[in-house]
Amino acid sequence: MRDFISTLCNLYFIFLTAVLSLYTGGTYWKLGDTKYMLFRNVTLVCLGVWLAVSAARGGISLAKGSRHLPKLSVTDICMLVYGAIVLISALCSPFHRTPWLGYKEWYMGALSLWMFVGIYFFASRSYDGSKYPVYVGEAALAIVFLIAFANRLGFDPVNLMSSFNEKSWEYSHMISTIGNINWFCGFCSVTLGLPVGGYLQGKGKAKVFFLYILSVMGLTLLCIQGSDAGFLIAAACIGMGLLYGVKEREVFRRSLAMIAGMCLTVAVYAQAAKGIGTKAMAAVPADGMGFDRMAWGGWWAVGAVFLVLAVLFGKISPKTAKRAGIILIMLGGISVAAAAAVYALRQPAGDGWGSGRGGLWRFAWQGFVQGDFRQKLVGAGPDCFAPYIYSTLPASELTPTEGFWTGTIFANAHNEWLNALVDLGLLGTAALAAVFAGSIKRYRKLLPGILVIAMYGVNSFISFQQVLSTPLLFMALGLCESRIRRESVEKCERNEVSLRLERGV
C-alpha cells in the first residue's frame with residue numbers, strides 16, 4: 001500500500017506539472033474553466049484514494065510517520081490552521097454557495113483551498129524522492145517554453161489562435177498552453193524554482209547544461225511575455241540565487257552566467273523578431289514592456305559583462321569572491337530599487353495605477369474597513385470578493401467603462417493579501433502569512449523551495465490565486481517537507497545503528 005501511494009503521488013506530480021500545463025481542450029476559449037475542471041476531478045480522486053488507503057492502513061493520521069519525527073512540523077500546523085479558518089469563514093459567509101465552490105469562472109472557494117492543503121499533506125507524506133516525476137515535469141516545462149517563444153515570434157504551433165487575428169487582444173496577451181500573460185507569470189513563479197535550483201546546485205555536465213538552458217528560457221520569457229510582473233519574478237529568482245551564492249561561490253558564478261544568458265537571449269529574440277517583421281512585433285503586448293525596449297542594443301553589452309564576471313568568479317579566491325559578491329548584490333539591489341521607483345512614478349496616479357490595480361486595491365481596503373466585526377475577523381467567505389465588494393461599494397466605481405475590460409466584474413483584488421483580508425479576514429490573512437513564514441524558516445536550506453516561495457511571494461502582491469500556480473505552490477512545499485522528513489528519518493536511523501554498534505548489539 002505504501003508503494004502504491006508513493007506511485008500515485010509521483011503520477012499526481014506529473015499531472016500537475018505536465019498534463020495540466022499542456023492540456024488546453026484545443027482552444028483558448030474558457031481555458032481557465034477547462035483546466036480547473038480537470039484539476040478538480042483528478043485531485044479529488046487522488047486525494048480520496050490516498051485518504052481511503054490511509055484509513056485501510058490503520059486510521060487516517062496526517063501526523064503519522066516515523067517514530068523519530070515530531071508529529072507535526074511548523075508548516076503542518078500553519079496549514080491546518082489555515083484550513084480551519086477557511087472552514088470557519090465559509091460557514092460564517094452570507095453568500096451561500098459561493099464560499100464553498102467559488103465565484104463563477106474562478107472557483108477559488110473553500111473546496112479549492114482545502115484541496116491545496118490536501119495536496120501539501122499528500123506530497124509531504126507520500127512522495128518517496130523519485131526523480132522521474134521531476135524529469136517529466138521539466139520536459140513538459142521545456143515544451144511550454146518553446147511554444148511560448150513561438151507565440152512571441154508570431155507563430156501558433158498548436159493552433160490555439162485560429163479564432164483570433166493579429167489585431168485582437170488575445171493575439172498578444174495569450175501565450176503558450178497556459179493562458180493570458182498574468183497566468184503565465186504565476187505559472188513561472190512556481191515552476192521555475194525546480195530547474196533554477198537544480199542548475200545552481202546540480203552536478204553532472206549534461207544535467208546542469210539542460211537546466212541552464214531551461215532556466216534561461218524561463219527568465220527570458222518573463223522579460224518578453226508582456227506583463228510587468230515578469231520582471232519582479234525574474235528579479236526575485238536572480239536575487240535569491242545571488243544571496244545563496246554569497247556562501248557558495250559556484251552558486252554565485254552560475255547565477256551570473258544565468259543573468260548573462262537571459263540578457264543575450266533577449267537580444268537574440270529581438271533580432272529574430274525584427275527579421276520576421278510586423279507579425280512578430282504584433283505579438284508583443286503594447287501595454288507591456290514594448291518591442292522597442294526589447295530591441296535595446298545594450299542587452300548585448302550587459303550580457304557580455306555578466307559573462308565575463310561569471311568567468312572571473314571561477315578563478316578568484318573564495319574570500320575575494322565573497323567580498324565582490326556582496327558589492328555586486330548591493331549594486332544590484334540599488335539598481336532594482338531605482339528601476340522600481342522610476343516605474344512607479346511613471347504610472348498614472350490614482351485608480352489607473354498599475355493597469356487599474358490602484359483602484360482595485362483602494363476598493364479592497366475600503367471594503368475591508370467598512371466591514372463589521374465578523375467581516376474583519378473571518379472575511380466575507382472564500383472567493384467572495386466580488387459579491388461582497390459589489391454589494392458594499394457603488395458598482396459604477398468598480399466597473400471599467402472603456403477599453404477591452406469594459407463592463408468587467410473583477411473577481412479578486414489582484415493582490416493576494418488584500419484579497420485574503422476581504423475573503424478570510426484578519427485571521428485568514430494571518431494564517432496565510434504564517435504558512436509562508438513557517439515554510440521559509442523550515443525550508444531555508446532548500447534552495448528550490450526558497451526560490452518558489454520568493455517568486456510566488458513577490459507575484460502575490462500584484463496577482464492572485466489560480467489553478468496553474470497555487471496548487472503547484474502547495475505541492476512544492478509538500479515536496480520540501482517530504483525531503484526534510486526523509487532526511488530526519490535517515491539521520492535518526494544512522495544514529496541508532498551507530499549506537500547499537502557501540503554497545504556491541
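A salt bridge is taken here as a side-chain nitrogen of Lys or Arg within 4 Å of a carboxyl oxygen of Asp or Glu. By that criterion, the structure, which is a predicted model, holds six salt bridges. Several of these are described below, after a look at the chain as a whole.

The chain is built from 23 helices and two strands. Its C-alpha atoms occupy a box of roughly 75 × 65 × 40 Å along the principal axes. For a compact globule of 505 residues, a radius of gyration near 23 Å would be expected, and the 23 Å of the chain agrees with this. Of the 505 residues, 53% count as buried.

A convenient place to begin with the salt bridges is helix α12, which spans residues 249-276. Here the side chains of R253 and E250 meet, with 2.6 Å between N and O. Both residues belong to α12 and sit three residues apart, about one turn of the helix. R253 is partly exposed, at a relative accessible area of 26%, and E250 is also partly exposed, at 35%. E250 has a further partner in R254, where the closest N and O atoms are 2.9 Å apart. This second pair is four residues apart in α12, again a separation of about one helical turn. R254 is buried, with a relative accessible area of 12%. Taken together, E250, R253 and R254 are linked in a network of salt bridges.

Helix α12 also contains R249, a partly exposed residue with a relative accessible area of 30%. R249 offers a view of how parts of the chain that are apart in sequence are placed in space. Its C-alpha atom is separated by 8.6 Å from that of G325, although the two residues are 76 residues apart along the chain. S163 and S124 give another example, being 39 residues apart in sequence and 42 Å apart in space, C-alpha to C-alpha. S163 is placed in the loop between α6 (132-152) and α7 (169-173). With a relative accessible area of 61%, S163 is exposed, since that value lies over the 50% cut-off.

Another salt bridge brings two helices into the picture. The side chains of E481 and R442 meet at 2.7 Å, N to O. E481 lies in helix α23 (residues 470-503) and R442 in helix α21, so the pair ties together parts that are 39 residues apart in sequence. The two partners can also be described by their accessibility. E481 is buried, with a relative accessible area of 0%, whereas R442 counts as partly exposed at 23%.

Helix α21 covers residues 416-442, and the loop between this helix and α22 (447-460) holds K445. This lysine is exposed, with a relative accessible area of 71%. On the surface, K445 gathers with K247, K322, K441, R444 and K491 in a patch of positive charge.

The backbone has some noteworthy positions too. Which phi value does H414 adopt? It is near 55°, a positive value in a residue other than glycine. H414 is found in the loop between α20 (395-398) and α21. This histidine is buried, with a relative accessible area of 16%, a value under the 20% cut-off. E105 likewise has a positive phi, near 65°, and is a residue other than glycine. Its place is the loop between α4 (98-101) and α5 (110-126). At 47% relative accessibility, E105 counts as partly exposed.

Seen from helix α21, several of these features can be read together. The loop between α20 and α21 carries H414, the helix itself contributes R442 to the salt bridge with E481 of α23, and the loop between α21 and α22 carries K445, a member of the positive patch.

How values were computed:
Residues numbered from 1 in each chain as written. Predicted model: local features only at pLDDT ≥ 70, side-chain atom pairs only at ≥ 80, totals over all residues. Heavy atoms only, no water. Patch = residues over 30% accessible without salt bridge, like charges linked within 9 Å, V, L, I, M, F, W, Y side chains within 5 Å. Areas by Shrake-Rupley, 256 points an atom, 1.4 Å probe, with all protein chains shown as cover. Lys, Arg positive; Asp, Glu negative; His and termini not counted. Charge placed at Lys NZ, Arg CZ, Asp CG, Glu CD. Buried < 20%, exposed > 50% of the residue type's maximum accessible area, 1.4 Å probe, protein only. Rg over C-alpha atoms; globule rule 2.2 N^0.38 Å.
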